[in-house]
Amino acid sequence: MKTKIFVCSNSSIDYLPHNEMISSIPVILKVSDNEMYEDYIDVNIEAFYNRIRMDKYVKVTPVFQNYTKILEYINEVKAQGYQQVLFLLSANIFSDLYISISIAMSEHKDIKYVIFDSESCGYPLSYMATEASNLLLSEEALDDILSHLEFLKNNQKIYFYKYEKINEMSKSFLKKYKKGKLLKLTNGKLETVNTSKMLPLDFVIEELKNKIDEAEIIPFLMYTDKTTRYINIIEEELIKSNIKFKRLKIVPIAPGVGIKVGVNTIAIGYIVK
């Protein structure tokens, strides 16, 4: 059965290689009634975060596609011969597409669909979409694909390290860069992590070091600013501890996620294969 995959743009899928079976549903970034952008279509990640950093008073609200827009997507895929649709949603804290999709699909009884709540975002969600696509191309049954997605959902971690705003060119940067706040995405919700006596960044790096020794994982790092020194520092520290970290995936944090976690944030985590 020819299957289309739709995934929320909070997956950053638009910035990663993927085949035509996968399409993103863009989050609308509302700055004001007169200033709104569709993620990736109207504004890229660099331009969006620069806009936020330049105006500290700006407040951006994520707006999600309504059922009328979802209907347009479904009419398009039906015209292309798709008979089934798999919707991969990001965690509820970052997205609210379930109702729009449900209403739209109620008007299309002639096409099958599944809504899968990933309770995730960013690279793990885009990886799930890619895995589903590869399995569909291998003619795997949808139930088996959903089981695999459930495994990936339950065997991943995303930490958001909210670092303090420091001049990265200053001499004191290397003494202060590990100070900040650490959040973890758990069951689709953001929770503050108690790192005891460890510095937050040391805590998450140590967890990745331990995990890569005990399981086959895909480590990843996500950023809001690709020029930040944090990327190179963290990557070098991980590779120094274990050569396997050369496989570290480095991708941007989608605007819809960045709005929630803050522009001075690095996400670090892993997916168990």
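This report walks through some salt bridges and one helix pair in a predicted model.

**Salt bridges**

Side chains of opposite charge can pair when their charged atoms come close. This structure holds 12 salt bridges, and three of them are set out below.

| Salt bridge | Closest N to O distance |
|---|---|
| Glutamate 35 and arginine 51 | 3.1 Å |
| Lysine 69 and glutamate 72 | 3.5 Å |
| Lysine 211 and glutamate 214 | 3.2 Å |

Let's start with glutamate 35 and arginine 51, whose side chains meet at 3.1 Å, N to O. Glutamate 35 sits in strand β4 (residues 35–38) and arginine 51 in helix α1 (residues 45–54), so this salt bridge ties together parts that are 16 residues apart in sequence. How exposed are the two ends? Glutamate 35 has a relative accessible area of 19% and is buried, because the cut-off for buried is under 20%. Arginine 51, at 27% relative accessibility, counts as partly exposed.

The pair of lysine 69 and glutamate 72 stays inside one element: both residues belong to helix α2 (residues 67–79), 3 residues apart, or about one turn of the helix. Here both partners count as partly exposed, lysine 69 at 25% relative accessibility and glutamate 72 at 38%.

Over in helix α7 (residues 200–214), lysine 211 and glutamate 214 are also 3 residues apart, which puts about one helical turn between them. Glutamate 214 is exposed, and its relative accessible area comes to 58%. As for networks, salt bridges with shared partners join Glu35, Arg51 and Asp55 into one. That brings us back to the salt bridge of glutamate 35 with arginine 51, now with Asp55 in the same network.

**How α2 packs on α3**

Two packed helices are described by the angle between their axes and the distance between the axes. For α2 and helix α3 (residues 98–106), the angle is about 55° and the axes are 8 Å apart. That angle makes α2 oblique to α3, because it falls outside the ranges for roughly parallel (under 35 degrees), roughly perpendicular (65 to 115) and roughly antiparallel (over 145). The crossing of the two helices, α2 and α3, is right-handed.

Which residues of α2 and α3 meet? On the α2 side they are Tyr67, Ile70, Leu71 and Ile74, and α3 brings Ser100, Ile101, Ile103, Ala104 and Met105. Sorted by class, the contact between α2 and α3 has 8 nonpolar residues, 1 polar residue and no charged ones. Helix α2 thus appears in both parts of this report: lysine 69 and glutamate 72 both lie in it, and its Tyr67, Ile70, Leu71 and Ile74 meet α3.

How values were computed: Residues numbered from 1 in each chain as written. Predicted model: local features only at pLDDT ≥ 70, side-chain atom pairs only at ≥ 80, totals over all residues. Heavy atoms only, no water. Salt bridge = Lys/Arg side-chain N within 4 Å of Asp/Glu carboxyl O. Helix = DSSP H or I, 4+ residues; strand = E, 2+ residues; numbered from the N terminus. Buried < 20%, exposed > 50% of the residue type's maximum accessible area, 1.4 Å probe, protein only. Axes fitted to C-alpha atoms, helices over the stretch in contact; angles between N-to-C directions. Left-handed = near helix turned anticlockwise from the far one by under 90°. Contact = heavy atoms within 4.5 Å. Nonpolar A, V, L, I, M, F, W, Y, C, P; charged D, E, K, R; others polar.
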